[in-house]
Number of protein chains: 2
Amino acid sequence: MSHMGYRCLMAVDREQVLRSAAALLTRKSTATMDEVARAAGISRATLHRHFAGRDALVRALESLGIAECEAALKAARTDAGPAADAVRRLVREIEPAAGLLAFLYTENQLFEGEEQNEGWARLDAGLTELFRRGQESGEFRIDLTPTWLTEALYGLLASGAWAVAEGRVARNDFTHMIVELLLGGALRREEP
Amino acid sequence: MSHMGYRCLMAVDREQVLRSAAALLTRKSTATMDEVARAAGISRATLHRHFAGRDALVRALESLGIAECEAALKAARTDAGPAADAVRRLVREIEPAAGLLAFLYTENQLFEGEEQNEGWARLDAGLTELFRRGQESGEFRIDLTPTWLTEALYGLLASGAWAVAEGRVARNDFTHMIVELLLGGALRREEP
DNA sequence: CCCATATGAGACATGTTTGTCTCATGCTGG
DNA sequence: CCAGCATGAGACAAACATGTCTCATATGGG
């Protein structure tokens, strides 16, 4: 049974390693492979047995982040009900992945010419569609393009994740701060 | 006149080198000293004669970014008139430095334990004060803390700079997109 | 014209990270 | 109990960025 033996013998889960790597790289994006390994409680050798190299690790994290975002997108049922409520659900669902997303968001600035993971395009499309739908239904203003709203949501998620990490914003306020700013803005509503 | 001779002989301005370094590092934050030098049209040796090392270069860029932001803060006269208008003026003034700010914003995630440039604290204080003033005057809502609004402004400036750099947002729309989202949010205003 | 000086090119040593390898160990299933 | 396999520890070379050095060159001022 050598073909499936590793399933039982592997002390550390690949998924678990990925999680701790995400947690570490979110805080320190330049962490060494050795640091990543130690953070996962394994040796550098074992880390290399799971991921061919740093590049492969980052790619795996990218896939993980995309998968979590797509899961959040699906769980939020962004095609149902008022777009504003959909945005609220989406941010709430995506919150656990915000740190990882922040890491990937800055890491992507790196991938200049290289091929991007197609998942980002799918995500962008999903988010853009949500904002476009909100515009068509008359909920969202039309002078802010869906593309910009998508980009701004990424930026706010990253800002929020960092602000929480540094203690400048309470973790419990994360969703509220982001959603309220994104949807309502800083200006006080007229209350006639 | 050896004490001032370099002023005339220096072919490249330290300021000019800093500018091109900012432009390059904004696009590729991991650029090599050699790449920075070539981008500035000088050799690595000369670059080292201007800045003792990479660290010194980043610190110089940090000082430049802070100086530009403080100049923008001052030019925008954020203590005068309606806070909303002050924010508009501020973003307009700060726009040219947005790319550099985006670079420094992510670079700062790196400076974990090390001492931060005190300029950031001054900037934060200035921005926070602006938002606080807006809350006191009744213009801004009070459920979004000035600290978070400040953080969100940084994030939106970075997002905007990247979106413009990648062609997802027109450069001319930069200020409008950021200000309108930050102040008004995505929701359409009631127009009774 | 001549000298000073900034510059460019490149060599060199260094430290760091990475990728690969070997070997001993410990645990698990049969 | 034993064989197999994943793991940890560490050695090792290679790649890379960096910092420092020397030397030749050209350019501008006196």
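**Exercise 1. The start of a helix**

Find which residue caps the N-terminal end of H8(B), and say which atoms are involved.

*Solution.* Keep in mind that this is a predicted model.
- Step 1: Locate helix H8 of chain B, which covers residues 118–136.
- Step 2: Look at its N-terminal end, where B:Asn117 acts as the cap.
- Step 3: Check the atoms: a side-chain oxygen of B:Asn117 lies 2.7 Å from the backbone nitrogen of B:Gly119.

**Exercise 2. Following H8(B) along its length**

Work out how the reach of H8(B) compares with the expected value, which of its residues are buried, and what covers them.

*Solution.*
- Step 1: H8(B) has 19 residues, and at 1.5 Å a residue the expected reach is 27 Å. From first C-alpha to last, the helix reaches 27 Å, so it is close to that expectation.
- Step 2: Buried means under 20% relative accessible area. The residues of H8(B) that are buried include B:Gly119, B:Trp120, B:Leu123 and B:Phe131. B:Gly119 is thus a familiar name: its backbone nitrogen is the one facing the cap.
- Step 3: The cover over these buried residues includes H5, H6, helix H7 (98–107), H9 and helix H10 (174–184) of chain B.
- Step 4: After the helix comes B:Gly138, with a positive phi near 90 degrees.

**Exercise 3. One of the covering helices**

Is H9(B) mostly covered or mostly uncovered, and what follows it?

*Solution.*
- Step 1: Helix H9 of chain B spans residues 146–165, 20 residues in total, and reaches 28 Å, close to the expected 28 Å.
- Step 2: Of those 20 residues, 18 are buried, making H9(B) mostly covered.
- Step 3: B:Gly167 follows H9(B), and its phi is positive, near 80 degrees.

**Exercise 4. A positive phi outside glycine**

Which residue of chain A, other than a glycine, has a phi near 45 degrees, and where does its counterpart in chain B lie?

*Solution.*
- Step 1: Recall that most residues other than glycine have a negative phi.
- Step 2: In chain A, the residue is A:Arg77, found in the loop between helix H5 (54–75) and helix H6 (83–94).
- Step 3: In chain B, B:Arg77 also has a positive phi, of about 45 degrees, and lies in the loop between H5 and H6 of that chain.

**Exercise 5. Relating the two chains**

What turn and shift lay chain B on chain A, and which relation is that?

*Solution.*
- Step 1: A turn of 179 degrees with a shift of 0.0 Å along the axis gives an RMSD of 0.1 Å.
- Step 2: This is the relation of a two-fold axis.
- Step 3: The same surface serves both copies, as 100% of the contact residues of chain B recur in chain A.
- Step 4: Within chain B, B:Gly185 comes closest to the rotation axis, its C-alpha being 1.9 Å away.

Technical notes: Residues are numbered from 1 along each chain as its sequence is written. Chains are lettered from A and ligands numbered from 1 in the order in which they are written. This is a predicted model: local features need pLDDT of at least 70, side-chain atom pairs count only at pLDDT 80 or more; totals for chains, interfaces and linings use all residues. Side-chain values use heavy atoms; hydrogens and water are left out. Copies are superposed by least squares on the C-alpha atoms of residues with pLDDT of at least 70 in both. Contact means heavy atoms within 4.5 Å. Helices (H or I, at least four residues) and strands (E, at least two) are DSSP runs, numbered from the N terminus. Buried means under 20% relative accessible area, exposed over 50%, partly exposed in between (1.4 Å probe, protein chains only). A polar contact is a pair of N or O atoms within 3.5 Å; within protein, one must be able to donate a hydrogen and the other to accept it, and residues adjacent in sequence count only if both atoms are side-chain atoms.
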